[in-house]
Amino acid sequence: MSASKTVGSVDAMELIDTVQRSNDKLRYALHAARMGLWEWDLLANSVIWSPETEAIFGVPEGQFKGTYEAYAAFIPPDWLDRINVKVTDFLNEASDVSEILYQHPIVRGDGVDTWVEVRGTLTKDAAGRAASMAGICADISDRIRQEQERQNLEVKLQHAQKMEAIGQLAGGVAHDFNNILTAILGNGDIAMSALDEHSPPRIAAALEQIVKSAQRAAALTRQLLAFSRRQVTQPRTVNLNKTIDDLEPMLHRLLPENITINRKSTSTLPSVFIDPTQVEQIVMNLAVNARDAMSNGGILTLYTGVATLDKTYADDHPEVLPGKYVMLSVSDSGKGMDKETLSRIYEPFFTTKELGLGTGLGLATVYGIVKQNNGHISVYSEPGSGTVFRVYFPFPPDTAKEDVPEIQHRTDLTGTETILVAEDDDLIRGLVETQLSSAGYNVITAANGEEANEKYAHHEGHIDLLLTDVIMPDMNGRVLADTLLEKQPNIKVLFISGYTANIIANHGVQDAGVAFLEKPFTLKMLLTKIKGLLNQGLQE
Ligand code: ADP
Ligand code: MG
């Protein structure tokens with residue numbers, strides 16, 4: 001009897017030991033998984049938390065007060081109602097669902113903000129009433145932070161895509177527009193040069209207006225192209241201080257007398273590698289906006305200096321490489337901007353100005369130029385306390401070519417050489433033919449690359465220069481030029497285009513011996529470019 005009792009009690013001891021060990025295992029596992037346990041006796045309203053749950057809620061071990069209300073006290077007020085409703089609904093519908101899962105922020109006992117996920121199951125008593133709940137909880141702040149970061153990135157990406165899409169649209173429109181403007185300006189030139197002292201003055205005035213309006217339209221198109229980053233630029237080593245000095249007279253004309261211009265700079269400013277007309281455009285666009293923001297007068301400050309964008313800054317702005325930059329800042333004491341305006345200023349066509357006063361292209365253009373030059377732009381503004389724009393340009397590569405003044409061209413722009421013109425647009429082809437012939441050149445025209453090839457093959461005598469549109473159906477200008485250059489390496493090539501779409505120019509820097517003329521161009525621009533190319537051959 002006693003023996004069997006002994007055996008029985010050894011069994012019981014073993015059993016307790018096994019249970020103890022598996023309990024320990026569970027505890028370690030939950031601890032390793034950072035998972036807390038909780039139990040809620042609904043009838044007695046008593047809540048028990050495991051030490052891990054207390055740790056998640058930032059409560060010293062054993063200090064949790066043990067009621068639902070004590071748990072609810074960790075939930076921020078704006079979340080509390082939602083959670084209460086969720087839990088009550090669950091308990092009321094408990095016959096259908098027996099599991100609950102929800103997340104919410106908490107303010108921990110030690111004051112730290114975090115997020116928890118709670119999971120629980122319901123147990124019913126014999127009468128089928130909800131009697132108790134038990135479950136686990138975990139700190140999910142890492143997951144929430146990653147989710148928020150992903151969403152922020154998504155918003156940034158969408159913004160970038162929108163800018164890119166509008167840029168492409170703008171570039172496409174500008175391309176067609178440039179063809180039309182070239183025809184208007186060119187024919188205007190021809191008509192103007194046909195005027196003499198017998199021509200009615202009204203006609204002369206009207207022609208002048210036509211040309212002027214077309215030039216304004218051309219300037220607008222150029223802005224669009226700069227935004228869409230398809231403008232061919234001629235970067236060189238530029239000292240920003242000098243460029244701004246040269247701009248000052250224009251700035252004085254632009255700004256009313258009640259605005260003071262304040263100029264500051266470090267004496268030794270490293271050069272930057274950029275097309276100087278782009279710097280001018282940045283300064284002018286920013287200055288005009290500053291003027292508009294200071295309708296009652298104020299101070300416009302232009303500052304140039306060296307600035308370091310550190311790693312912390314670069315981490316916040318993924319497109320920025322940490323390092324030293326040449327900085328240009330343009331600040332005003334004007335009316336400033338609110339957050340909503342600030343978030344949209346670089347969008348093309350975004351303007352807060354009255355119809356006719358703003359195009360919404362100023363900052364979009366600045367943005368496009370800065371990006372094209374691998375730079376960075378930042379803005380600081382508050383309503384009523386003015387605005388600071390800072391533009392950062394990278395230090396130039398050592399190989400950058402020096403700022404050499406362009407070779408002075410001879411005033412005689414006529415010539416007798418033979419020029420092959422390939423252009424698919426009838427208007428432009430006709431115009432160029434008229435312009436070149438009247439300057440004395442021998443002109444052969446072709447409406448596409450294939451025809452140009454054929455005419456080249458059948459032409460008796462020397463062809464000195466190929467003047468070709470870049471974008472033509474079937475064979476683009478680059479391919480045509482390459483074909484002819486292979487047959488005749490000394491042929492000069494002049495591309496004309498409304499935009500380049502990187503076909504001839506990589507980052508806007510052109511090959512030697514090849515020139516580019518942007519549409520719309522004037523007669524003088526065309527003849528000067530051709531003369532320059534033909535002369536280049538003679539000097540070599
Ligand atoms: P626009 O000047 O034609 O409106 P921009 O692209 O140059 O177009 O500017 C967009 C908008 O940004 C402006 O309409 C204005 O609301 C705001 N803005 C730009 N610069 C400033 C500034 N210096 N101060 C206050 N607001 C500005
Ligand atoms: Mg503007």
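Reader: What makes the pairing of T114 and S141 a polar contact?

Author: This is a predicted model, and in it the side chains of T114 and S141 come to 3.3 Å from each other. A polar contact takes a pair of N or O atoms within 3.5 Å, so 3.3 Å makes the cut.

Reader: Which other side chain does the side chain of T114 make a polar contact with?

Author: That of D139, at 3.1 Å. Again the cut-off is 3.5 Å, so this pair counts too. As for its place in the fold, T114 belongs to strand β4, which covers residues 113-124.

Reader: Why is T114 called buried?

Author: Its relative accessible area is 5%. Buried means under 20%, so T114 earns the label.

Reader: And G386, why does that count as buried?

Author: The relative accessibility of G386 is 5%. That falls under the 20% limit, so G386 is buried as well. You'll find G386 in the loop that runs between β11 (376-381) and β12. Along the chain, G386 and G298 are 88 residues apart, yet their C-alpha atoms are separated by 9.7 Å.

Reader: On to ligand 1. How do you know which side chains have a polar atom by an oxygen atom of ligand 1?

Author: By the distances. A polar side-chain atom of T351 lies 2.5 Å from a ligand 1 oxygen, and for N289 the distance to an oxygen of the ligand is 2.8 Å. With the limit at 3.5 Å, both therefore count as polar contacts.

Reader: What about a nitrogen atom of ligand 1?

Author: One of them sits 3.5 Å from an N or O atom in the side chain of T387. The rule says within 3.5 Å, so T387 comes in right at the limit.

Reader: How much of ligand 1 does the protein bury?

Author: The protein buries 94% of the 530 Å² that ligand 1 exposes when taken alone. The elements giving two or more residues to the shell around the ligand are α8, α11 (362-372) and β12 (387-394), and α8 has the largest share, with three residues.

Reader: Which residues come nearest to ligand 1?

Author: Out of 20 around it, the nearest are D332, T351, T352, K353 and G360. By kind, the shell splits into 10 polar, eight nonpolar and two charged residues. Gly counts as polar in this scheme, so G360 goes in the polar group.

Reader: Now the empty spaces. How many cavities of 30 Å³ or more does the structure hold?

Author: Two. The largest holds about 180 Å³ of space. Its lining has 14 residues, and W38, W40, Y71, Y102 and V118 are the closest to its centre.

Reader: What makes the residues of that lining nonpolar, polar or charged?

Author: Their residue type decides. Trp, Tyr and Val are on the nonpolar list, so W38, W40, Y71, Y102 and V118 are nonpolar. In the whole lining there are 13 nonpolar residues, one polar and no charged. Elements supplying at least two of the lining residues are β1 (35-41), β2 (46-49), α3 (68-72), β3 (99-107) and β5 (130-139).

Reader: And which residues line the second largest cavity?

Author: L286, N289, A290, V330, S331, D332 and F389. At least two of them come from α8 (276-293), and at least two from β10 (323-332). The volume here is about 30 Å³.

Reader: How do the residues of this second lining divide?

Author: Into four nonpolar, two polar and one charged. Asp is one of the charged types, so D332 is the charged residue here.

How values were computed:
Residues are numbered from 1 along each chain as its sequence is written. Chains are lettered from A and ligands numbered from 1 in the order in which they are written. This is a predicted model: local features need pLDDT of at least 70, side-chain atom pairs count only at pLDDT 80 or more; totals for chains, interfaces and linings use all residues. Side-chain values use heavy atoms; hydrogens and water are left out. On a 1 Å grid over the protein atoms alone, a cavity is a set of points where a 1.4 Å probe fits but cannot get out, and a pocket is an open set with protein on both sides within 12 Å along at least five of seven lines; lining residues have an atom within 4 Å of a point. Grid points are joined across faces, edges and corners, and a volume is the space filled by probe spheres set on the points. Helices (H or I, at least four residues) and strands (E, at least two) are DSSP runs, numbered from the N terminus. A residue is near a molecule or strand if one of its heavy atoms lies within 4 Å of it. A polar contact is a pair of N or O atoms within 3.5 Å; within protein, one must be able to donate a hydrogen and the other to accept it, and residues adjacent in sequence count only if both atoms are side-chain atoms. Accessible areas come from the Shrake-Rupley method with a 1.4 Å probe; for residues, only the protein chains shown count as cover. Buried means under 20% relative accessible area, exposed over 50%, partly exposed in between (1.4 Å probe, protein chains only).
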